[in-house]
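Here are a few exercises to work through with the coordinates open beside you. Try each task before you read its solution.

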Amino acid sequence: MSLSAPSSRAAFAALLTALSLIVMLAAGAFATRARQTTWAPPARGHASVIAQGIVIPPDPEAIWRVTSFELDAGQPKIELAADDVLVVDRGALITDEGTGRRALLLPGEASFQPRSVHLADATATGAAFAIELAPNDAPDPEAGTASYAGPAFVPPTGPRDFDLVRDVLEPGESTTVIGQETPVLVLATAGAIDVKATDGTSARFRAGEAGAFSGDVIVTGLGDDASSFVAAVIGQEIVESS
């Protein structure tokens, strides 16, 4: 039995409607994936990310804090607070989370530690830094020497991408660190650097000095020898699929 002309047109129209709905749903799913996978790179040039993790910023206010450590073979183990990023400047150390996961960090290497961690110097004397996105009312660290505590700011909410960028710059060479909603922490680890931000602020740092800047940050090497720095960037919100 054949369909009448009106019935055929109605069936064809229903088929087109169904196909359109499928295309719209597929496009929506693709857009969702695109929003979740299109990330802004944290730096331009030959800078590289040496540590990363996911953090939940403190509420309601946060500060950037840097603590320095002198490394000496045979020293007692040091316990740090959660969500520290460890950066080795000179020497070497072993991280031990107490879960069986251990790592050896050498100069220029870093590790994001989402839980309390014990440090033990591996073989050589040297220095290391712990970088922390801390609550504004957090007590002073019990270990190490507090070398920088920045001004308080209201951080974004939700789980966030954390990247620690490092670069080695020849005199006059520059790298741009891409800012997000949270100020960017810049720490000089060797030599001297010039820092300029798109918010109009600027500073010059020698090794061990740090500061926080809003917007994109241009870092330039100073002096006659190569300089190095690290920059902590809190990036986009992490949206996990259900």
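## Exercise 1: The nonpolar cores

Task: find which members of the largest nonpolar core touch the most other members, and which strands feed that core.

Solution. Begin with the contacts: among the 22 residues of the largest nonpolar core, those touching the most other members are Trp64, Val85, Ile131, Phe162 and Leu164. Next, look at where the members come from. At least two residues of this core are supplied by each of strand S2 (48-55), strand S3 (62-71), strand S5 (84-90), S8, S10, S12, strand S14 (184-190) and strand S19 (227-237). Finally, note that there is a second, separate core of 18 residues, with Ala43, Ile193, Val219 and Phe229 included in it.

## Exercise 2: How far to trust the model

Task: this is a predicted model, so say what the mean pLDDT of the chain is and which residues have pLDDT below 50.

Solution. Take the whole chain to start with: its mean pLDDT is 81, and 75% of its residues reach 70 or more. Then turn to residues 15-37, where the pLDDT is below 50. Beyond near neighbours in sequence, this stretch has one contact in the model. Where pLDDT is low, the predicted coordinates should not be read in detail.

## Exercise 3: Aromatic pairs

Task: classify the ring pairs Phe112-Phe162 and Phe205-Phe213.

Solution. The count of aromatic pairs comes to three. For Phe112 and Phe162, the ring centres are 5.8 Å apart and the planes stand at 35 degrees; planes under 30 degrees apart would count as stacked and over 60 as edge-to-face, so this pair is tilted. Phe112 belongs to strand S8 (residues 110-113) and Phe162 to strand S12 (residues 160-169), so the pair ties together parts that are 50 residues apart in sequence. Both Phe112 and Phe162 are buried. Now apply the test to Phe205 and Phe213: with centres 6.1 Å apart and planes at 55 degrees, this pair is tilted. Phe205 has a relative accessible area of 9% and Phe213 one of 5%; since buried means under 20%, Phe205 is buried, and so is Phe213. To finish, Trp64, Phe112 and Phe162 form one aromatic cluster.

## Exercise 4: The surroundings of Leu133

Task: is Leu133 buried or exposed, and with which residues is it in contact?

Solution. Leu133 sits in strand S10 (residues 126-135). Its relative accessible area is 12%, and the cut-off for buried is under 20%, so Leu133 is buried. Setting aside neighbours within four places in sequence, Leu133 is in contact with Pro57, Pro58, Ala62, Ile63, Trp64, Phe153 and Ile234. The C-alpha atoms of Leu133 and Ala232 are separated by 9.2 Å, although these residues are 99 residues apart along the chain.

## Exercise 5: Strand pairing

Task: give the strand order of the open sheet of five strands, and describe how S8 is covered.

Solution. The order of the open sheet is S2-S12-S19-S14-S17, with antiparallel pairing. At its edges are S2 and strand S17 (210-213), each pairing on one side only. From one strand to the next, the twist averages 20 degrees. S2 and S12 pair in the antiparallel sense over seven bridges, and Val55 stands opposite Arg160 in S12.

For S8, take the pairing and then the faces. S5 and S8 pair in the antiparallel sense over four bridges, with Ala110 in S8 as the bridge partner of Val87. Both faces of S8 are covered: Ala110 and Phe112 on one side, and Ser111 and Gln113 on the other, are all buried.

Methods. Residues are numbered from 1 along each chain as its sequence is written. This is a predicted model: local features need pLDDT of at least 70, side-chain atom pairs count only at pLDDT 80 or more; totals for chains, interfaces and linings use all residues. Side-chain values use heavy atoms; hydrogens and water are left out. pLDDT is the predictor's confidence in each residue, from 0 to 100. Contact means heavy atoms within 4.5 Å. Buried means under 20% relative accessible area, exposed over 50%, partly exposed in between (1.4 Å probe, protein chains only). Rings of Phe, Tyr and Trp (its six-membered ring) pair if their centres lie within 6.5 Å; planes under 30 degrees apart count as stacked, over 60 as edge-to-face and the rest as tilted. A nonpolar core is a set of buried Ala, Val, Leu, Ile, Met, Phe, Trp, Tyr and Cys residues joined through side-chain atoms within 4.5 Å. Two strands pair if DSSP finds at least two bridges between them. Axes are lines fitted to C-alpha atoms, for helices over the stretch in contact, and angles run from 0 to 180 degrees between N-to-C directions.
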